[in-house]
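Here is a walk through one protein model, taken a region at a time. Have the coordinates open and follow along.

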Amino acid sequence: AVVDVAIQDYVADVAAELIYQSHSQVSREVLFVFPVGPDMAIYSFEARSEDAKVQAVLQDEAQQLATGDWENVEYLQDQSTYPGELFTCFLGTLSPGKEVVVTLRYIQELSQEADGAAHFVLPATMHPHTILYAFALPSATFLLAARDCHTSRLSYSLLLTASLQSLRGVANVQANFSLTPLIYTAPDRSTAQVSLAGSPPSEHDLELRVYFGELTAVSAVVEKGDPGAPPGSLLGDPMVLVTLVPSIPEAVPGQRQSGEWIFLLDTTFLEHAQVPLQSRDRDGWRIRPVCSVFPQESLLFIFKSLPLGCYFNIYCYGETSVGIYPQSVEYTQDNLAEAMRRIPSTGSGLGDTNLLGTLRSVYNTPRPRGHARQLLIFMTGVPPDKEAIAAEVCRHRNSHRCFSFGFSEDSAALATALARETGGEAAYVSSDDSLAAVVLKCLKRALKPAAAEVSLSWTLPPGLEVEVLGGTPQSIFQGQHSLLYAQIHGQAQEKTVAKGVMTLQYSLDGQDVTHTIEFPLYPRGAGRLAVHRLAARFLLKRLLPEAASGSGDEPRHRAVEISLASGIICPFTSYVGVCTSQRGSWYQGPLALLPPRQSLIPCQIIEVRKFIFEDSSCHSKTIWVPPGWVTAVRASRRALRQLTDRIAALSQRGACSKVFVLCSPTFVVPQLTEVIAECKELVALQNVDGSWALSSRLASVLEIEEAEIKGKMPGEVMEPSIWATVLAVTWLNRNKRYQDFCELLEAKAVTWLHSRAVSQLDKCLDVANTLLGSSVKPSVFRL
């Protein structure tokens with residue numbers, strides 16, 4: 001393989017030439033398969049042999065593969081564990097000893113590491129070190145990689161070169177493999193080059209981390225348009241890649257924090273006392289259906305975990321939608337108590353879900369200034385208008401994030417789509433037992449502080465104007481960055497002005513922040529149009545929900561136009577293999593970009609291989625297990641015995657591979673219900689500011705007489721609520737299994753104590769430990 005990678009800031013353009021040689025004793029039909037990552041897009045493909053050449057050309061209208069080879073594609077879909085799209089191309093017949101050369105080009109948005117580095121990973125197709133990517137069928141061979149199953153030696157070579165570019169300067173390159181010394185190709189160190197030194201390692205992925213100059217809150221890279229494209233078109237005008245990385249400090253847990261939290265609750269929970277959850281029967285391993293009572297206790301944990309200083313609202317949606325409040329209100333003790341009181345009555349009499357109407361109601365309400373909006377959506381089933389829902393969320397993607405929770409496999413698919421579209425997260429909830437655990441984990445990640453009221457302004461020479469494709473996000477959260485694509489239209493009246501000015505403004509904790517930079521309007525070099533193609537891919541993703549929702553023909557026509565111009569495939573176009581030589585028997589039907597094959601239950605994968613020495617093949621067995629299972633196995637002999645029994649059973653079944661799927665995405669601790677039951681009364685007594693009042697109800701939860709609690713209160717304590725709060729936090733820390741559920745509640749309590757009685761906490765903790773028979777350390781109280 002010969003791979004040339006061009007990295008400019010957080011964009012990569014990859015050109016690869018892959019040479020495959022046949023060591024088979026018979027001729028075989030060949031199918032090339034390439035997994036397409038979520039941030040990638042192929043824009044050029046061709047395959048050559050000594051007999052002919054096949055080149056991929058985009059055409060309007062997706063076509064079906066109407067040949068016998070389509071069965072092999074279906075087999076690949078069934079056997080593949082890759083959770084994304086697969087690019088496939090039939091390459092015809094490969095004779096013994098002959099070779100086929102595949103040339104592939106794709107573009108990719110690179111993730112940004114916490115230290116600002118651009119992170120690039122070479123696809124396993126070009127570095128096949130662990131996964132078996134070669135499938136052999138009687139009718140076809142799938143070419144992704146070559147691997148000797150018996151010796152574990154890789155029969156391939158790799159030449160990798162990376163060209164690096166940034167206006168901030170290339171500071172350093174790190175890799176998990178040997179590199180040649182970094183060579184700068186410009187005096188200002190804005191461009192550089194590095195290559196693979198020696199043979200690639202065979203035990204891990206190849207990763208590059210590129211470090212640029214000083215990381216700024218906003219940067220801009222201008223790419224020239226295609227001289228052959230008409231002015232004013234997507235590829236004809238210059239494109240600007242804007243990177244927004246506001247400097248947002250970490251928030252201290254438990255402190256006041258801005259933000260708007262809107263909960264959308266499916267009233268199926270309220271109308272029906274029990275919700276049957278799906279089970280799955282695979283190869284005799286039956287998981288019985290479970291039922292879940294409406295999770296009032298779980299909601300209590302979630303609502304009490306919100307921070308002071310935020311706004312919130314609750315919508316119960318069914319046949320109609322009802323908001324607890326007309327618009328979001330401040331998170332206070334009285335407002336939360338009123339919301340919890342109104343939830344049960346709100347859902348009575350509601351029928352089929354009206355999530356679309358509820359979302360429109362939310363989007364029509366004003367957002368409190370300086371507060372980033374986040375939606376937590378709970379779904380038990382799939383609404384009939386899911387395409388319209390996805391399109392509605394897409395239209396408002398810049399105004400909020402979605403954290404979506406599905407209670408069935410079907411709803412989990414929609415939940416994933418909504419979260420992905422808005423930069424949030426999705427989870428599949430298998431039962432009420434896991435609801436609090438799953439949602440609280442998401443809540444902890446969602447409680448990152450954010451830059452709100454984000455806006456961009458531009459100053460360009462007369463005659464030029466900027467169009468930001470898809471608009472600017474209104475909020476950017478700590479630990480995230482935003483890539484925007486903006487196109488420069490028009491002709492400058494003054495050619496002497498070679499720079500533009502861009503200003504980023506946002507609000508952080510109520511303070512207005514401004515960053516201004518200059519950027520060149522006329523970049524050097526020709527470029528590969530990577531930024532333009534990524535912009536096309538971005539626009540296609542925005543247009544597809546509109547086209548799928550039946551919003552007229554315009555979104556579809558626009559999508560086809562962008563796809564054909566940029567070479568980026570979409571559901572309304574298809575690659576067609578064009579044979580440029582009449583020699584040889586080459587397949588001339590459409591190529592396929594297979595839809596994502598996603599398990600609606602996010603799973604880890606453990607591969608167990610069995611080697612059959614009677615033949616030359618390597619048989620792979622795959623077991624799907626939920627995240628958290630491996631950790632739980634270490635502490636559970638029963639779980640370990642079950643897992644090993646099933647692994648042993650695999651070896652008794654011969655070469656036929658089996659897949660087992662567990663319904664739950666999270667391993668649920670058996671005592672989870674007991675944990676919630678033990679804590680719920682104490683949580684119900686906590687005030688939203690984090691404190692507890694000294695009362696007979698608190699004494700009952702602590703299982704200590706109220707008179708004894710009052711009698712043991714240290715004399716230095718001026719407020720009974722300080723003593724009550726110390727006791728409650730100490731009680732929660734007697735048992736570590738409460739930690740995952742009460743971490744946010746405890747953080748608020750400790751913050752409240754520090755604002756009232758830092759000097760009294762040592763004495764209070766000593767007395768509390770004696771009274772409760774515990775040994776809680778001062779570090780719990782940040783002492």
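## Around S305

S305 is buried: its relative accessible area is 2%, and under 20% counts as buried. This is a predicted model, so keep that in mind for everything below. The residue lies in a loop, with helix 3 (296-304) on one side and strand 24 (311-317) on the other.

What is S305 in contact with, once its neighbours within four places in sequence are left aside? The list is Y331, L440, L443, L447, L744, L745 and K748. Another pairing to look at is S305 and F741: they are 436 residues apart along the chain, yet their C-alpha atoms are separated by 9.2 Å.

Y331 turns up again in an aromatic cluster, where it is joined by F312 and Y325.

## The protein overall

Zooming out, the protein has 783 residues, and 51% of them count as buried. Its secondary structure comes to 18 helices and 39 strands. Take the contacts between residues at least 6 apart in sequence: 74% of those join residues at least 24 apart.

## Rings and charges

A search of the whole structure finds eleven aromatic pairs. One of them is W731 with Y738, whose ring centres are 5.5 Å apart and whose planes meet at 20°, so the pair is stacked; the cut-off for that is under 30 degrees. Are these two residues buried or exposed? W731 is buried, at 7% relative accessible area, and Y738 also counts as buried, at 6%.

Two arginines have their charged ends over aromatic rings, as the table shows.

| Charged residue | Ring | Charged end to ring centre |
|---|---|---|
| R401 | F477 | 3.6 Å |
| R533 | Y43 | 3.9 Å |

## Helix 7

Helix 7 covers residues 409-422, which makes 14 residues. From its first C-alpha to its last it reaches 21 Å, close to the 20 Å expected at 1.5 Å a residue.

Which of its residues are buried? They are E409, S411, A412, L414, A415, L418, A419, E421 and T422. As background, an α-helix has 3.6 residues a turn, so residues three or four places apart point the same way. The buried residues of helix 7 pack against two helices and three strands, namely helix 6 (386-395), helix 9 (530-548), strand 27 (373-379), strand 28 (401-406) and strand 29 (425-428). Right after helix 7 comes G423, with a positive phi near 80°.

## Two open sheets

Now for some strands. In general, the strands of a sheet pair through backbone hydrogen bonds, either parallel or antiparallel.

One open sheet has four strands in the order 17-18-33-31, with antiparallel pairing. Its edge strands are strand 17 (218-223) and strand 31 (464-469), each of which pairs on one side only. The twist averages 25° from one strand to the next. Strand 17 and strand 18 (residues 239-244) run antiparallel and are joined by six bridges. To find your place in the register, start from A220, whose bridge partner in strand 18 is V242.

Another open sheet, also of four strands, has the order 32-30-34-35, and here too the pairing is antiparallel. Strand 32 (476-477) and strand 35 (511-520) are its edge strands, pairing on one side only. Strand 34 (residues 499-508) pairs with strand 35 in the antiparallel sense over ten bridges. Within that pair, K499 has P520 in strand 35 as its bridge partner.

## Strand 15 and its partners

Why is strand 15 (residues 191-195) described as largely enclosed by the rest of the structure? Because four of its five residues are buried.

Strand 15 pairs with strand 12 (residues 159-165) in the antiparallel sense, over five bridges. In that pairing, T161 stands opposite S195. Strand 14 (residues 183-184) is another antiparallel partner of strand 15, with two bridges; there, I183 has Q193 as its bridge partner. Strand 14 and strand 15 also form a hairpin with six residues between them, and R189 in the turn has a positive phi of about 60°.

Definitions and conventions: Residues numbered from 1 in each chain as written. Predicted model: local features only at pLDDT ≥ 70, side-chain atom pairs only at ≥ 80, totals over all residues. Heavy atoms only, no water. Expected span 1.5 Å × (residues − 1). Buried < 20%, exposed > 50% of the residue type's maximum accessible area, 1.4 Å probe, protein only. Contact = heavy atoms within 4.5 Å. Phe/Tyr/Trp six-rings, centres within 6.5 Å; stacked < 30°, edge-to-face > 60°. Lys NZ or Arg CZ within 6 Å of the ring centre and 35° of its normal. Pairing = 2+ DSSP bridges. Axes fitted to C-alpha atoms, helices over the stretch in contact; angles between N-to-C directions.
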